[in-house]
Amino acid sequence: IEVKGHLVNSSTILATKIEFKHDEELEFEGVIGNSQFPENLQLPFAFNLEVDISETLSISVTEDTEFKDGSISMLANGVNIEVEGHFSNNMLIARKIKFEKVEYEGIISDFISASDFKVDGHSVTTNEFTDFKGGTINDLENGIEVEVKGSVNSNGILVVTKLEFDD
């Protein structure tokens, strides 16, 4: 609680403003683990975040949860995330979930399509949200040098948010 006002005497404040503060905002980073996700990811739902070997937190996702560098569909066991929120009834209510950014630079190989190829030996995929710099989706092919950034999905594939063609 925050109270603003005027001191009337040594033990009394005449309050002009009383503000109830929400629970303190907390931030945790870890790996989603040992979680069952509802079909169609209907809100609200909860999952487990393994912060370290001895600590697992229950995380609640609601319609107010904001996603950064990914989307709700990328939540899965094995995915690294950072969660900001507050505790309520022994559960962290997620205000923001940020997916860990990964970056690879190298030559495209094993090119099958824009949604199935490798960069520097790592499986990657693009989608309608991928931002292309210095070229277009039609320029993707084996032997082209690129730099890719994005988040790894539950299948261990980098979902590319930015792809830059090297000159």
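In which sense do β4 and β5 pair, and over how many bridges? The two strands pair in the antiparallel sense, over 7 bridges, where pairing requires that DSSP find at least two bridges between the strands. The structure is a predicted model, in which local features need pLDDT of at least 70 and side-chain atom pairs count only at pLDDT 80 or more, whereas totals for chains, interfaces and linings use all residues. Residues are numbered from 1 along each chain as its sequence is written, and side-chain values use heavy atoms, with hydrogens and water left out.

The protein contains 0 helices and 14 strands; helices (H or I, at least four residues) and strands (E, at least two) are DSSP runs, numbered from the N terminus. Its radius of gyration is 22 Å, against a value near 15 Å for a compact globule of 167 residues; the radius is taken over C-alpha atoms, and the globule rule is 2.2 Å times the number of residues to the power 0.38. Along the principal axes, the C-alpha atoms fill a box of roughly 80 × 35 × 30 Å. Of the 167 residues, 31% count as buried, a class defined by a relative accessible area under 20%, with exposed meaning over 50% and partly exposed in between (1.4 Å probe, protein chains only). Among contacts (heavy atoms within 4.5 Å) between residues at least 6 apart in sequence, 51% join residues at least 24 apart.

Strand β4 also pairs with β3, in the antiparallel sense over 2 bridges. V31 stands opposite E50 in β4. On the β5 side, N48 has S58 as its bridge partner, and a hairpin of 2 residues joins β4 to β5.

The largest nonpolar core comprises 20 residues, of which F47, I59, L75, I81, V83 and I97 touch the most other members. Such a core is a set of buried Ala, Val, Leu, Ile, Met, Phe, Trp, Tyr and Cys residues joined through side-chain atoms within 4.5 Å. Two or more residues are contributed by each of β3, β4 (45-52), β5, β7 and β8, and the largest share, 4 residues, comes from β8. Apart from this core lies another, of 14 residues, among them I108, A114, F117 and L158. In soluble globular proteins, nonpolar side chains tend to be buried together. Within the largest core, L75 is one of the residues that touch the most other members; neighbours within four places in sequence aside, L75 is in contact with I32, F37, F45, F47, V61, F67, I97 and F99.

A search of the whole structure finds 5 aromatic pairs. Rings of Phe, Tyr and Trp (its six-membered ring) pair if their centres lie within 6.5 Å; planes under 30 degrees apart count as stacked, over 60 as edge-to-face and the rest as tilted. F28 and F87 form an edge-to-face pair, at 6.0 Å centre to centre and 80° between the planes. Because F28 lies in strand β3 (residues 26-32) and F87 in strand β7 (residues 80-88), this pair ties together parts that are 59 residues apart in sequence. F28 is buried, at 17% relative accessible area, whereas F87 is partly exposed, at 31%. F67 and F99 form a stacked pair, at 6.4 Å centre to centre and 25° between the planes. This pair links F67 in strand β6 (residues 66-68) to F99 in strand β8 (residues 91-99), 32 residues apart. F67 is partly exposed, at 24% relative accessibility, and F99 is buried, at 1%. In addition, F37, F45 and F47 form one aromatic cluster.

T65 lies in the loop between β5 (55-61) and β6, and is buried, with a relative accessibility of 9%. Its side chain makes two polar contacts, defined as pairs of N or O atoms within 3.5 Å; within protein, one must be able to donate a hydrogen and the other to accept it, and residues adjacent in sequence count only if both atoms are side-chain atoms. The side chain of T65 reaches the backbone nitrogen of T62 at 3.0 Å, and one of its polar atoms lies 2.8 Å from the backbone oxygen of A94. Residues up to four places away in sequence not counted, T65 touches S60, A94, R95 and I97.

K68, in strand β6, is partly exposed at 35% relative accessibility. With the same sequence exclusion of up to four places, K68 touches I97, K98 and F99. K68 and N90 are 22 residues apart in sequence and 24 Å apart in space, C-alpha to C-alpha.
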